[in-house]
Amino acid sequence: MDDKNRQRQESLSLVRALSREARSAKSAAIAERLLASPALDPSRRGFVLAFAALPSEPDLSSLPRRAPRLRFCLPRVVGPERLALHHVPDFGALVRSRLGIAEPDPALHPEVAFREIGVVLVDV
């Protein structure tokens, strides 16, 4: 196993060892830092491309509620190596894909063009 994969596995092990409460607290702290970041200044143009968290990722679902002046979007898998982006003002209104991943409902969430993205949030 190379260094990058070993580090990823070690990080995942640490996250999995956290209690639900600890994960929630850490997610809240991450959201707080993001909201204080100049990158999420509401005067900036464009959507904030976020992600619906997997169990090993920080839960950012509170961001739209806490920053209603920002416009958030989430990806939806539409084919092999192809994503569609959708405006999602409420992360609680997601559906489960056939793989069990939370994603936007295209009937409820309008598609967003990639050129409309101003900021991208990623979990590394």
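This is a short tour of a predicted model, going from its sheet to its nonpolar cores.

**Stop 1: the sheet.** Start by showing the strands. Five of them make an open sheet with mixed pairing, and the order across it is 6-3-2-1-7. Colour strand 6 and strand 7 (117–120) next: these are the edge strands, and each pairs on one side only.

**Stop 2: the hairpin.** Now select residues 72–79, which are strand 2, and residues 82–87, which are strand 3. The two strands run antiparallel and are joined by 6 bridges. Try picking out a few facing residues. Arginine 76 has alanine 84 of strand 3 as its bridge partner, while proline 75 stands opposite leucine 85 in strand 3. Then move to the turn: 2 residues lie between the strands of this hairpin, and glutamate 81 in the turn has a positive phi of about 60°.

**Stop 3: out to strand 6.** Add residues 111–112 to see strand 6, which is antiparallel to strand 3 and joined to it by 2 bridges. Which residue of strand 6 is the bridge partner of histidine 86? Select glutamate 111 to see that partner.

**Stop 4: the cores.** Show side chains for Val48, Ala50, Leu63, Phe72, Phe91 and Leu121: these have the most contacts inside the largest nonpolar core, which has 15 residues. Another core, of 6 residues, lies apart from it; select Phe47, Cys73, Val112 and Ile117, which are among its members.

**Stop 5: around alanine 50.** Finally, centre the view on alanine 50. Leaving out neighbours within four places in sequence, its contacts are Phe72, Cys73, Leu74, Pro75, Phe91 and Leu121.

Notes. Residues numbered from 1 in each chain as written. Predicted model: local features only at pLDDT ≥ 70, side-chain atom pairs only at ≥ 80, totals over all residues. Heavy atoms only, no water. Core = buried A, V, L, I, M, F, W, Y, C linked by side-chain atoms within 4.5 Å. Buried < 20%, exposed > 50% of the residue type's maximum accessible area, 1.4 Å probe, protein only. Contact = heavy atoms within 4.5 Å. Pairing = 2+ DSSP bridges. Helix = DSSP H or I, 4+ residues; strand = E, 2+ residues; numbered from the N terminus.
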